[in-house]
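Open your viewer and get ready to click along. We will hop from one selection to the next and look at what is there.

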Amino acid sequence: MRSALFDQAHAEIQTSDRFALQSTKMLKVTLGPDVLSAKGAMVAYQGQVQFHHEGSGSVARFVKNAISADNQPLMRVSGQGEVFFARSAENVFLLQLEGDAISVNGSSLLAFDSALQWDLHRTKGAGMMTAGLFNTLIQGQGTVALTSHGAPMILDCSQQPTFVDPNAAVCWSANLTPGIVNSMNMRSLVRGGTGEAIQYSFHGPGFVVVQPSEGYPMPTA
């Protein structure tokens, strides 16, 4: 059988790295220690692998999970073998935490080492119905895999205030505390609105990673 499908460019990349990108769209994790991933992000695996729902781990985190609309449910992946993760052909990139931390928009979280500590944090100034109510803080020693709907861009927040659509923010420096800015005014509301009413507000030494998308459109009836 002959086909361009079998070109070396499409073959699995063999590496000793625990977290290894197979392409810009797919991640391979070699198990040993467990890994936590977004539910439904597994696209293939080889070996003896088990998947289990990952609970909140504490009453406080359970309550945050229950009231957060943008929390990403997690599963624990354990066993021996290799697991491949992807999400809707989005770009995948890796962060190596070395005792530091990163704040992540839940919809961008793909997988991370189970040894890392994580918790949900409420966005300052966000009302109960506001998009981006919570973000996930991940810290410790280990690797985090994130996705971006398109090639990401990094903005420096240290020089001037930076405003980002909550659905376009992928992650940001853990030392930055985003606020919520409502740019809607009554005149604009009467005329039908702008579609850009709510933004994250960042200002301070650090960065925010922005994707060139506000997420997938909601299906209409």
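The stops below go from the start of the chain to strands, cysteines and charged pairs.

**Before you start.** This is a predicted model, in which local features need pLDDT of at least 70 and side-chain atom pairs count only at pLDDT 80 or more, while totals for chains, interfaces and linings use all residues. Residues are numbered from 1 along each chain as its sequence is written, and side-chain values use heavy atoms, with hydrogens and water left out.

**Stop 1: the start of the chain.** Select Met1, which sits in the segment before strand 1 (19-21). Strands (E, at least two residues) and helices (H or I, at least four) are DSSP runs, numbered from the N terminus. Is Met1 buried or exposed? Met1 counts as exposed, because its relative accessibility is 90%; buried means under 20% relative accessible area, exposed over 50%, and partly exposed in between (1.4 Å probe, protein chains only).

Now add Leu5 and Phe6: with Met1 they form a nonpolar surface patch with about 430 Å² of accessible area together. Such areas come from the Shrake-Rupley method with a 1.4 Å probe, and for residues only the protein chains shown count as cover. Patch members have over 30% relative accessible area and no salt bridge; nonpolar side chains (Val, Leu, Ile, Met, Phe, Trp, Tyr) are joined within 5 Å, like charges within 9 Å.

**Stop 2: an enclosed strand.** Next, select residues 169-173, which are strand 12. Here 5 of the 5 residues are buried, so strand 12 is largely enclosed by the rest of the structure. Which strands pair with it? Strand 6 (residues 91-104) does so in the antiparallel sense over 3 bridges, and Ser103 has Trp172 as its bridge partner. Strand 15 (residues 207-210) also runs antiparallel to strand 12, joined by 3 bridges; look for Ala169 opposite Val210. Two strands pair if DSSP finds at least two bridges between them.

**Stop 3: two cysteines.** Click on Cys157, buried at a relative accessible area of 0%, and then on Cys171, buried at 1%. How many disulfides are there? The count is 0, with a disulfide taken as a pair of cysteine sulfur atoms within 2.5 Å.

**Stop 4: an open sheet.** Show strands 11, 14 and 13: in that order they make an open sheet of 3 strands with antiparallel pairing. Strand 11 (162-164) and strand 13 (179-182) are at the edges with a single partner strand each, so one side of each has no neighbour in the sheet. Strand 13 meets strand 14 (residues 198-202) over 4 bridges, where Gly179 has Ser201 as its bridge partner.

**Stop 5: charged pairs.** Side chains of opposite charge can pair when their charged atoms come close. The whole structure has 5 salt bridges, each a side-chain nitrogen of Lys or Arg within 4 Å of a carboxyl oxygen of Asp or Glu.

Select Asp113 and Arg18, whose closest N and O atoms are 2.8 Å apart in a salt bridge. This pair links distant parts of the chain, 95 residues apart: Asp113 is in strand 7 (residues 109-113) and Arg18 in the segment before strand 1. Asp113 is buried at 10%, while Arg18 is partly exposed at 21%.

Then pick Arg76, partly exposed at 24%. Arg76 forms a salt bridge with Asp34 at 3.2 Å and another with Glu54 at 2.9 Å, N to O. Finish with Glu12, Lys28 and Glu82, which are linked in a network of salt bridges.
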